[in-house]
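User: I'd like some practice in reading contacts and cores from a model. Could you take me through a few features?

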Amino acid sequence: MKLTLSRATLEKRYKRFLADVILDNGNRTTIHCANTGAMTGCATSGNKVLYSVSENKKRKYPYSWELSITEQQHTICVNTIRANQLVEEALNNGIINEFEHFSALKREVKYGNENSKADFYLLDENGTETYIEVKSVTLFEDEQGYFPDAKTLRGQKHLRELIDIVEQGKRAVLLFAVLHSAINNVKAAAHIDPIYADLLRQAKEKGVEILAYKAEFSVREQEVEIQLTTPISVSFID
């Protein structure tokens with residue numbers, strides 16, 4: 001994925017979907033933040049912000065927060081919309097080894113008993129149906145990556161739905177898209193959402209495949225390239 005982005009300095013994030021930044025020309029403006037999470041460690045005042053510009057004249061806030069660059073020079077994609085786009089790109093390019101031979105791909109497919117939509121549905125040459133849920137990972141604490149960064153009833157629901165898919169004899173996958181350059185291992189954040197952590201263990205035990213792929217960032221002036229490239233481990237041991 002290639003993006004053309006401009007730079008600013010973060011003042012503060014507020015009301016969940018908004019942030020105030022100082023542009024390179026010294027002007028202050030408000031940008032949109034497409035992230036419903038806590039964004040712990042991703043939204044510290046003084047961080048560098050890379051933002052995209054929408055040509056939609058009807059938008060109240062034409063600038064969208066895409067990346068943060070921290071004081072430690074960690075690069076983080078905070079726009080959670082990008083996670084699914086990166087996964088789809090990786091699937092179509094054969095980067096995710098676990099899905100090399102699918103013959104059909106669909107997005108936002110209804111499934112389960114709790115009114116859910118799978119991020120991706122794959123069908124392979126043998127007729128195997130695969131349901132994939134994608135989660136964006138950006139929480140980095142004590143040299144460890146975690147998910148979630150806030151309690152997530154929606155995430156809990158998705159794990160229950162994936163377990164049900166396995167019990168129907170179909171393939172179910174939880175795919176962590178790791179969008180923080182410093183994260184090399186993912187663990188359930190039991191200290192934040194113990195119910196989610198317990199459900200993740202149950203899901204693994206019942207046959208849900210738990211995968212994590214890390215993004216690689218190339219940032220050159222205004223040209224940014226992001227790709228999911230590297231499988232990393234998911235830890236289930238406290």
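User: Which residues does Phe 176 touch, not counting residues up to four places away in sequence?

Analyst: Happy to help, and please keep in mind that this is a predicted model. Leaving out residues up to four places away in sequence, Phe 176 touches Lys 135, Val 137, Phe 147, Val 186, Tyr 196, Leu 200, Ile 210, Leu 211, Ala 212, Tyr 213 and Val 234.

User: Which residues have the most contacts inside the largest nonpolar core?

Analyst: The general idea is that nonpolar side chains tend to be buried together in soluble globular proteins. Here the largest nonpolar core has 31 residues, and Leu 174, Phe 176, Val 186 and Val 208 have the most contacts inside it. Among the elements that give two or more residues to this core are strand 13 (171–178), strand 14 (185–188), helix 2 (153–167) and helix 3 (194–206). There is also a second, separate core of 29 residues, which includes Met 1, Ala 83, Leu 122 and Val 134.

User: Why does Asp 198 count as partly exposed?

Analyst: Partly exposed lies between the cut-offs of under 20% for buried and over 50% for exposed. Asp 198 counts as partly exposed because its relative accessibility is 40%. Asp 198 is found in helix 3. Its C-alpha is 9.9 Å from that of Phe 236, with the two residues 38 apart in sequence.

User: And what joins the side chains of Thr 30 and Asp 20?

Analyst: A polar contact of 2.8 Å does. Thr 30 sits in strand 4 (residues 28–32), and beyond four places away in sequence Thr 30 also touches residues including Tyr 14, Leu 18 and Tyr 61.

Terms used:
Residues are numbered from 1 along each chain as its sequence is written. This is a predicted model: local features need pLDDT of at least 70, side-chain atom pairs count only at pLDDT 80 or more; totals for chains, interfaces and linings use all residues. Side-chain values use heavy atoms; hydrogens and water are left out. Helices (H or I, at least four residues) and strands (E, at least two) are DSSP runs, numbered from the N terminus. A polar contact is a pair of N or O atoms within 3.5 Å; within protein, one must be able to donate a hydrogen and the other to accept it, and residues adjacent in sequence count only if both atoms are side-chain atoms. Contact means heavy atoms within 4.5 Å. A nonpolar core is a set of buried Ala, Val, Leu, Ile, Met, Phe, Trp, Tyr and Cys residues joined through side-chain atoms within 4.5 Å. Buried means under 20% relative accessible area, exposed over 50%, partly exposed in between (1.4 Å probe, protein chains only).
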